Amino acid sequence: MPPRATAHTDTQPLSIPAGRTREWGRDIPVAEPRRRTRRRGRALGVLSSIMLGGVVLLILAAVAGMMLGLLRFAVIDTGSMRPTLNPGDVAVLISEPTADLRTGQIVAFHPPGEPHLTVTHRAVSVKRTRNGVIIQTKGDANNARDPWHAHIVGDTVWHEDFKLPRFGYLVAWSQQRLARFGLFAIIMILLVCMQLGWIWRPSSRG
């Protein structure tokens with residue numbers, strides 16, 4: 001009976017190193033997409049932490065400045081100072097000695113007989129007397145000067161240093177109790193998520 005033919009080859013089975021795959025003749029690490037995802041996740045986590053930390057620091061700085069008497073904020077609700085200050089802007093006020101007050105500065109003051117009204121207008125006349133400084137003011141958008149002469153009796157005066165465009169609407173919204181509670185809750189949730197993200201962040205290995 002004739003011998004059976006047996007298949008025989010010297011070719012070794014194809015073996016692919018663990019953790020790699022072959023695509024169009026190239027070796028591509030299987031773990032590379034996973035590493036890229038981890039790197040992106042870490043980058044996003046760091047970016048969100050920086051942004052949240054910056055917002056918290058700005059809020060703390062603003063609160064500290066107001067408590068120390070270094071800053072004040074005036075919400076512009078009329079168009080008398082256009083185009084310098086528009087309705088909805090927030091004028092950031094800083095204090096300086098009354099002796100340094102000069103014409104051209106935008107100052108916040110109480111008109112005569114109006115202790116509860118704050119006007120933010122430009123000083124067009126500054127007169128120093130024994131009893132203090134008397135100023136006359138004018139809104140940039142007004143054709144005539146204000147009808148009063150304001151008497152600055154203190155040692156300091158508040159003047160506009162810079163503005164926050166349209167932030168007045170946010171300030172007005174934040175005056176509502178429900179809005180303040182919601183904002184506080186959002187900040188606390190973000191802080192907790194940031195801390196959990198750092199605790200549960202994937203290890204740098206692999």
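This is a short tour of selected residues in a predicted model.

**Stop 1: the nonpolar patch**

Select Val55, Ile59, Val63, Met66, Met67 and Phe73, and show their side chains with a surface. Together these residues make a nonpolar surface patch of about 550 Å². Next, colour helix H1, which covers residues 32-67. Five residues of the patch come from helix H1, and that is its largest share.

Now pick out isoleucine 59 alone. Isoleucine 59 sits in helix H1. Is isoleucine 59 buried, partly exposed or exposed? Its relative accessibility is 39%, so isoleucine 59 counts as partly exposed, a class that runs between 20% and 50%.

**Stop 2: the aromatic pair**

Leave the patch and select phenylalanine 109 and tryptophan 148. The count of aromatic pairs in this model comes to one. Phenylalanine 109 and tryptophan 148 form that pair, with an edge-to-face arrangement. Their centres are 6.3 Å apart and their planes meet at 65°; the arrangement counts as edge-to-face because the angle is over 60 degrees.

Colour the elements on either side. Phenylalanine 109 belongs to strand E5 (residues 106-109), while tryptophan 148 is in the loop between strand E7 (132-138) and strand E8 (150-152), so the pair ties together parts that are 39 residues apart in sequence.

Turn on the surface again to see how the two rings are covered. Phenylalanine 109, at 4% relative accessibility, counts as buried. Tryptophan 148, at 22%, counts as partly exposed, because buried means under 20%.

**Stop 3: proline 112**

Keep tryptophan 148 on display and add proline 112, which lies in the loop between E5 and strand E6 (119-129). With a relative accessible area of 46%, proline 112 is partly exposed.

Which residues does proline 112 touch, not counting residues up to four places away in sequence? The contacts are Trp148, His149 and Ala150. For a distance to draw in the viewer, use the C-alpha atoms of proline 112 and histidine 149: they are 7.5 Å apart in space, although the two residues are 37 residues apart in sequence.

**Stop 4: glutamate 96**

Finally, select glutamate 96 in strand E4 (residues 90-97). Glutamate 96 is buried and has no salt bridge. The nearest side chain of opposite charge is that of arginine 102, 4.7 Å away. That pair is not a salt bridge because the cut-off is 4 Å.

To see what surrounds glutamate 96, show Leu101, Gln105, Asp155, Thr156, Val157 and His159. These are its contacts, leaving aside neighbours within four places in sequence.

Methods:
Residues are numbered from 1 along each chain as its sequence is written. This is a predicted model: local features need pLDDT of at least 70, side-chain atom pairs count only at pLDDT 80 or more; totals for chains, interfaces and linings use all residues. Side-chain values use heavy atoms; hydrogens and water are left out. Patches are made of residues with over 30% relative accessible area and no salt bridge: like charges are joined within 9 Å, nonpolar side chains (Val, Leu, Ile, Met, Phe, Trp, Tyr) within 5 Å. Accessible areas come from the Shrake-Rupley method with a 1.4 Å probe; for residues, only the protein chains shown count as cover. Helices (H or I, at least four residues) and strands (E, at least two) are DSSP runs, numbered from the N terminus. Buried means under 20% relative accessible area, exposed over 50%, partly exposed in between (1.4 Å probe, protein chains only). Rings of Phe, Tyr and Trp (its six-membered ring) pair if their centres lie within 6.5 Å; planes under 30 degrees apart count as stacked, over 60 as edge-to-face and the rest as tilted. Contact means heavy atoms within 4.5 Å. Lys and Arg count as positive and Asp and Glu as negative; His and the chain ends are not counted.
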